[in-house]
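Here are my notes for you to read alongside the picture. Take them one at a time and find each residue as you go.

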Amino acid sequence: MATGCPSVASQSTGVLDFFDKTVGYPVKCDIKPCEMKNYKITAKVFVPDTSDFINQIFSVMNNYKEAVSRAKKASYRIRTDFTWKKSAKRLKNIVEEFSDE
């Protein structure tokens, strides 16, 4: 995203902090059970919708001007909203919030 290339990404977990349809092409995901035999547990995993992934790739190809526009917005968002300074400030605010308790 920071390089200004069109992005297609799964619509799950941490990606949602900075990625949406205004800056890229989100792919729908389902939550499915996954057996983790080594740990003897069943975990939940995000599984991207393959047909939606293909559709998003075609959206980039067929609407390239729009894809480049989103990519430029993504690059700007990453370079301005996700700096070390802003990340440190967010972390400081979280620590201060919990230190008051």
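1. Let's start with Asp20, which is partly exposed at a relative accessible area of 28%. That label fits because buried means under 20% and exposed means over 50%, with partly exposed in between. Keep in mind that you're looking at a predicted model.

2. So what does Asp20 pair up with? Its side chain meets that of Arg77 in a salt bridge, at 3.2 Å from N to O. Arg77 sits in helix H2, while Asp20 belongs to the loop between strand S1 (8-10) and strand S2 (25-27), so this pair ties together parts that are 57 residues apart in sequence.

3. How many salt bridges does the structure hold? There are four, and the Arg77 and Asp20 pair is one of them.

4. Now look at another one, between Arg70 and Glu66, where the closest N and O atoms are 3.0 Å apart. Both residues lie in helix H2, and they are four residues apart, which is about one turn of the helix. Helix H2 itself covers residues 64-81.

5. Is Arg70 buried or exposed? Arg70 has a relative accessible area of 16%, so it counts as buried. Its partner Glu66 has 38% relative accessibility and so counts as partly exposed.

6. Arg70 has more going on than that salt bridge. Which residues does Arg70 touch, if you leave aside its neighbours within four places in sequence? They are Lys21, Thr22, Val23, Gly24 and Tyr25. For Lys21 there is a further detail to check: its backbone oxygen lies 3.2 Å from a polar atom of the Arg70 side chain.

7. Next, find Asp81 and Lys86, whose side chains also meet in a salt bridge, this time at 3.9 Å from N to O. Asp81 is partly exposed, with a relative accessible area of 33%. Lys86 counts as partly exposed too, at 38% relative accessibility.

8. Finally, leave the charges and turn to the surface. Which residues make the nonpolar patch of about 460 Å²? Phe53, Ile54, Ile57, Phe58 and Met61 do. If you want a place to begin, try Phe53, which lies in helix H1 (residues 50-62). At 41% relative accessibility, Phe53 counts as partly exposed.

Notes: Residues numbered from 1 in each chain as written. Predicted model: local features only at pLDDT ≥ 70, side-chain atom pairs only at ≥ 80, totals over all residues. Heavy atoms only, no water. Helix = DSSP H or I, 4+ residues; strand = E, 2+ residues; numbered from the N terminus. Buried < 20%, exposed > 50% of the residue type's maximum accessible area, 1.4 Å probe, protein only. Polar contact = N/O pair within 3.5 Å; in protein donor to acceptor, adjacent residues only side chain to side chain. Contact = heavy atoms within 4.5 Å. Patch = residues over 30% accessible without salt bridge, like charges linked within 9 Å, V, L, I, M, F, W, Y side chains within 5 Å. Areas by Shrake-Rupley, 256 points an atom, 1.4 Å probe, with all protein chains shown as cover.
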